[in-house]
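Student: I have a model open on my screen and would like to learn how to read it. Could we go through it together, one feature at a time?

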Amino acid sequence: MPDRFAEIESFVKIAESGTLSEAARRLGLSLAATSRRLSQLEARLGVMLIRRNSRHLSLTEEGSLLYDRAGRALNAIDDVETDVMRRATEATGLLRVVTTIGAARMRLAPLFRHYAALHPDVAIHLETAAQATNIVETGHDIAICFDPPPDSALTMKRLTDNPRLLCAAPAYLNRRGYPGAIGDLSVHDNIVVGEAQQELWRSVVGSGNGPRVTLSTNDGDMARAWALDGAGIVIKSLWEVADDLDAGRLQQLLPDVALPAASIVALYVPGQGEMAKVRSCLDFLSRHLKKGWPVSPADRATPA
């Protein structure tokens, strides 16, 4: 099967060069190969494209038509190739990001606004979804989440750690009192988010001594709302409740209890990290998340 692109490319070069020999030089081909491509193109199209003798060539009407349209098409191909290659080194184009965590959405929004201001050639589209790891099907460039599935086939970049802490509303603590030790948690009203947190609670209070679960949900925002309403003690990440702690809506409990931090990570398709817009965004997020992080639980005032 003839290489249609090579034939048309050679024809355009011949038309632009004025001679077969000059076209061959520009193409890096022999004179015979260049002439053969022209003959094959004319045979395939069934028309003469170029009138030629040993010294001169000129385009036929059909040749002029082909040169005009094919020349524009080749220029468009060159332009799009240049644009695509530029995206490997310059942050540009549409960057689609998805995340699942409500508090993360609130904190990510200002960062992405800042990133967009620094990179005016990048258009940011930030979405939220119940699941943010299946970005191959959804077409997102980056998913940002806490503790992704260990079997994910996506490439993972750790952005920062997010400390967890025990907290409750003043209304609850005034009604039920402060737990003075880990063992006291088993007699308090506790709010649990998801099955994984059931295990986390058990690791805190000790095996065989599970917490008294009064409310459970798979929705982190609902758990926070219950805690703010005085329903019980909850384990939350610092990112989610830093503003509540600062405003006094929630208070940290048992600050000496070390809870495993949640990892905030970015997931992306292998190889996608080579794109400048993805690479620069991940570097920006990692740098600013660490720099702008809330005060750690250990540095917060402990209630009397």
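Tutor: Gladly! Let us start with residue classes: Ala, Val, Leu, Ile, Met, Phe, Trp, Tyr, Cys and Pro count as nonpolar, Asp, Glu, Lys and Arg as charged, and the others, Gly among them, as polar. Keep in mind that this is a predicted model.

Student: How do the residues of the lining of the second largest pocket divide into those classes?

Tutor: First the general idea: rolling a probe the size of a water molecule over the atoms shows where empty space is left. Here, the second largest pocket has a volume of about 210 Å³. Its lining comprises 4 nonpolar, 2 polar and 6 charged residues. Among the lining residues are Phe5, Glu9, Lys13, Asp68, Arg72 and Asn75.

Student: Which element gives the most to the lining of that second largest pocket?

Tutor: That is α4, with 7 residues. The elements giving two or more residues to this lining are α1 (4-17) and α4 (61-86).

Student: Now helix packing. At what angle do α2 and α3 pack?

Tutor: Angles of 65 to 115 degrees count as roughly perpendicular. Helix α2 (residues 20-27) packs on helix α3 (residues 31-45) at about 105°, and their axes are 9 Å apart. The two helices are therefore roughly perpendicular to each other. On the α2 side, the contact is made by Leu20, Ser21, Ala23, Ala24 and Leu27, and on the α3 side by Leu31, Thr34, Ser35 and Leu38. By class, this contact has 6 nonpolar, 3 polar and no charged residues.

Student: Does burial work with a cut-off too? Is glutamine 197 buried or exposed?

Tutor: Buried means under 20% relative accessible area. Glutamine 197 has 11% relative accessibility, so it counts as buried. This residue lies in helix α8 (residues 194-205). Leaving aside neighbours within four places in sequence, glutamine 197 is in contact with Ile191, Val192 and Ile235.

Student: And for a whole helix, how many residues of α10 are buried?

Tutor: In helix α10 (residues 238-247), 7 of the 10 residues are buried, so the helix is largely enclosed by the rest of the structure. The buried ones include Trp239, Val241 and Leu245, along with Glu240 and Asp244. After α10 comes glycine 248, with a positive phi near 80°.

Student: What about the protein chain overall: how many helices and strands are there?

Tutor: The protein chain has 11 helices and 12 strands. Of its 304 residues, 39% count as buried. Among contacts between residues at least 6 apart in sequence, 72% join residues at least 24 apart.

How values were computed
Residues numbered from 1 in each chain as written. Predicted model: local features only at pLDDT ≥ 70, side-chain atom pairs only at ≥ 80, totals over all residues. Heavy atoms only, no water. 1 Å grid on protein atoms, 1.4 Å probe; cavity = no way out; pocket = protein on both sides within 12 Å on 5 of 7 lines; lining within 4 Å. Points joined across faces, edges and corners; volume = space filled by probe spheres on them. Helix = DSSP H or I, 4+ residues; strand = E, 2+ residues; numbered from the N terminus. Axes fitted to C-alpha atoms, helices over the stretch in contact; angles between N-to-C directions. Parallel < 35°, antiparallel > 145°, perpendicular 65-115°, else oblique. Contact = heavy atoms within 4.5 Å. Buried < 20%, exposed > 50% of the residue type's maximum accessible area, 1.4 Å probe, protein only.
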